[in-house]
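Grab a coffee and open the viewer. Below are a few exercises, each followed by a solution you can check for yourself.

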Amino acid sequence: MSTLAETAPRGRTRRRMRIDGWRWSGRIFLVFMLLYTALPMIWMLSTSIKSGFAATQFPPQWWPDEPTLASYQKLLDPQNSVGQDFLRFFWNSLFVSTVTTILSVIVAVPAAYAFSRFRFPGRNFLFFTVLLRNMFPAVIFLVPLFILMRAIGLVNTHGSLVLTYLTFGLPLAIWLLKGFYDNIPVQLEQAARIDGATRFQAFILIVMPLSTPGIIATAIYSFIGAWNEYIYAYTFLSKNEQLTLPVGIQRFFSENTTDFPGLMAASFMMSVPVVVLFLVLQRYFVRALTEGAVKH
Amino acid sequence: MAHVVLKDLVKTYGGFKAVNDVSLTVNDGEFVALVGPSGCGKTTTLNLVAGLIPVTSGDIVIGDRVVNDLDPKDRDIAMVFQNYALYPQKSVYKNLAFPLQMRKLPGDEIDRKVKEAARVLDMTHLLERKPRELSGGQQQRVALGRALVRDPAVFLMDEPLSNLDAKLRVQMRSEIKRFHQDLKATIIYVTHDQLEAVTMADKMAVMNGGYLLQYDSPAQVFAHPVNMFVASFIGSPAMSLIPLEASTANGNTVLTGAEGWSLELSPRNVQKVAGATTGKVVLGARHSTIKLHKSAVPGSVPARAYTVEPTGDVTFVQALLSGAIVNISVSPNMAVAPDEQIWLEFDQERLHLFDGETETALKAD
């Protein structure tokens with residue numbers, strides 16, 4: 001009896017030490033990952049507040065001696081030609097990404113719901129073909145889509161980008177949301193229908209609120225995809241006033257000189273909407289992971 | 001409240017018949033249990049009554065209306081689900097208010113009815129909580145409250161107790177029974193637990209493979225099962241079914257076991273055996289109708305004890321007889337050892353005889 005009592009706690013301590021060992025190596029790993037991802041961003045920020053000369057100095061200054069917001073002022077000044085361009089690109093990106101996001105939610109929600117709830121002939125085949133698009137690299141479709149867009153007269157319009165981004169974003173959005181609807185017990189809708197709701201009311205009043213985290217995740221996914229996309233925007237648009245940010249930012253490179261602080265300031269401001277979006281909505285992601293109020 | 005009539009109800013999925021020509025009448029204020037093993041069609045039948053799935057053929061009448069083509073919301077029913085199906089984003093109050101809001105009742109009336117239901121079910125203190133903050137029993141009670149707040153014509157309950165632990169299940173069982181007695185509600189209750197059906201229902205409908213096998217009071221079903229399936233499904237421990245061979249020699253009909261012993265039958269049971277399609281007859285007996293003897297007595301047959309399970313009040317002995325396991329309950333004072341030679345005496349008045357081919361109960365003229 002006494003030997004058991006003595007050895008049991010010791011075994012537990014050893015196990016705790018082993019867990020602590022893992023935890024610490026995990027923490028060190030995370031610190032490295034954080035540095036790896038944060039350093040370029042810190043570098044971007046520090047360069048954006050340097051003067052043109054300081055930005056190209058060697059050895060580099062980690063933090064500028066004379067920080068300046070001149071690049072930001074230039075970019076946000078509508079009187080200045082650089083500022084005019086930047087604000088226009090920003091607006092274009094915002095417009096294309098927002099329209100893409102709204103449309104993809106409008107299409108993905110009912111599509112995912114139908115795939116999740118209804119049994120219809122060809123359901124599996126259709127679902128497979130929806131996902132099929134994602135099995136090929138996006139570049140493959142560049143030329144065919146360009147020819148298609150030219151044929152229907154959409155080249156040099158934002159519509160061409162919205163359509164393209166939708167075809168890229170929807171499959172994953174539908175797949176993601178279907179997972180959400182699969183996890184909402186069908187009995188909730190049945191209960192609502194018995195309680196006096198129509199099928200549509202049951203969807204709007206009961207199912208939609210429960211799938212909010214999924215809808216938001218889908219929206220963020222579409223928005224970021226559209227916001228960051230480069231190749232299609234570069235190919236489909238040629239008029240300066242239509243360019244989106246990823247393409248427009250290239251304007252900071254010219255044959256002889258590159259305005260590095262300006263480029264970095266523009267890059268920083270381009271990342272702001274995405275970061276803000278994430279910060280504001282991240283609790284929904286957490287909720288999406290912890291939601292489990294219903295007994296299965 | 002209202003009565004419910006199912007007329008030749010059929011539901012097929014592709015070629016699969018989930019519900020097969022089910023006809024039954026639930027009278028006003030009656031508590032009917034649909035009981036059977038999983039996949040027997042009982043939940044499908046309930047969903048047909050609720051209108052959650054369309055009928056393939058047949059009619060469903062609630063009150064005096066044929067409701068085949070009505071939406072669930074127009075059938076004046078309430079349903080309690082196995083997983084309770086409480087709206088997770090709504091508080092208990094809002095869960096209870098939802099069916100009333102959907103029927104566009106005035107706000108003060110909703111408030112009054114919700115509070116009344118909460119009072120009846122003793123959960124006034126829970127009204128502001130979310131379902132996930134409640135215990136299983138409390139969730140179950142909210143589900144019940146959401147059904148009764150509206151005063152529907154029929155209550156449908158789909159295994160409402162199966163997610164509760166054993167102790168709570170017994171407690172909620174009597175609460176639902178009480179609820180039925182107080183409200184004189186028409187209730188259709190689906191369960192795979194025959195004990196729930198037997199203890200709660202006025203009538204039980206035993207289903208298997210989509211067919212309605214027997215529809216009668218629990219006492220009748222218990223005493224006169226129509227076939228071997230019903231016999232073995234209702235009652236715990238299950239009725240023992242022993243395959244035997246009937247033979248007549250010198251005008252004397254006996255049943256012979258695989259071990260070679262033969263059992264003489266009462267005149268009434270001889271009559272029953274005469275109706276069998278072949279010589280194969282299955283003898284059914286409940287544990288309490290078999291007497292265990294330590295030595296041979298007239299009318300007893302030899303068997304071998306297999307396991308002995310004392311439960312305190314009563315000891316269950318399983319014995320091997322003619323290739324079947326026979327359950328016998330004996331007084332805890334009686335010492336029986338495994339592998340001991342014992343003799344079993346069947347109560348001729350209370351034993352059941354089934355046709356070995358068709359598995360249906362044999363009847364005397």
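**Exercise 1. Domains of chain B**

What distance separates the centres of domain 1 of chain B and domain 2 of chain B, taken over C-alpha atoms?

*Solution.* Keep in mind that this is a predicted model. Start with the bounds: the domain assignment puts domain 1 of chain B at 4-225 and domain 2 at 240-355. Next, take the centre of each domain over its C-alpha atoms; the two centres are 40 Å apart.

**Exercise 2. Where the chains meet**

Work out what chain A brings to its contact with chain B.

*Solution.* First, the head count: 18 residues of chain A are in contact with 22 residues of chain B. Now look for the helices on chain A's side: α8 (186-194) and α9 (199-210) each supply at least two residues. The biggest giver is α8(A), with six residues. Finally, sort chain A's side by class, and you get ten nonpolar, five polar and three charged residues.

**Exercise 3. Inside the core**

Find the residues that touch the most other members of the largest nonpolar core, then follow one of them.

*Solution.* The largest nonpolar core has 157 residues, and M79(B), I188(B), Y189(B) and L344(B) touch the most other members. As for helices, α7 of chain A (residues 158-183) gives the most to this core, with twelve residues. Now pick I188(B) and skip its neighbours within four places in sequence: its contacts are V4(B), V26(B), V32(B), L34(B), L46(B), V49(B), V154(B) and L156(B).

**Exercise 4. A hairpin in chain B**

Describe how β1 and β2 of chain B pair up.

*Solution.* Strand β1 (residues 4-13) and strand β2 (residues 16-26) of chain B run antiparallel, joined by seven bridges. For one facing pair, look at T12(B), which stands opposite K17(B) in β2(B). Then go to the turn: two residues sit between the strands, and G14(B) has a positive phi near 60 degrees.

**Exercise 5. A loop residue**

Is T258(A) buried, exposed or partly exposed?

*Solution.* Locate T258(A) first: you'll find T258(A) in the loop between α12 (245-248) and α13 (260-290) of chain A. Count the other C-beta atoms within 10 Å and you get 14, so T258(A) is partly exposed; buried would take 20 or more, and exposed 12 or fewer. Beyond neighbours within four places in sequence, T258(A) is in contact with F252(A), F253(A) and L263(A). One last check: G52(A) is 206 residues away along the chain, yet the C-alpha atoms of G52(A) and T258(A) are separated by 9.1 Å.

Definitions and conventions. Residues are numbered from 1 along each chain as its sequence is written. Chains are lettered from A and ligands numbered from 1 in the order in which they are written. This is a predicted model: local features need pLDDT of at least 70, side-chain atom pairs count only at pLDDT 80 or more; totals for chains, interfaces and linings use all residues. Two residues are in contact if their C-beta atoms, placed from the backbone, lie within 7 Å. Helices (H or I, at least four residues) and strands (E, at least two) are DSSP runs, numbered from the N terminus. Ala, Val, Leu, Ile, Met, Phe, Trp, Tyr, Cys and Pro count as nonpolar, Asp, Glu, Lys and Arg as charged, and the others, Gly among them, as polar. A nonpolar core is a set of buried Ala, Val, Leu, Ile, Met, Phe, Trp, Tyr and Cys residues joined through C-beta atoms within 7 Å. Domain bounds come from an automatic or database domain assignment. Two strands pair if DSSP finds at least two bridges between them.
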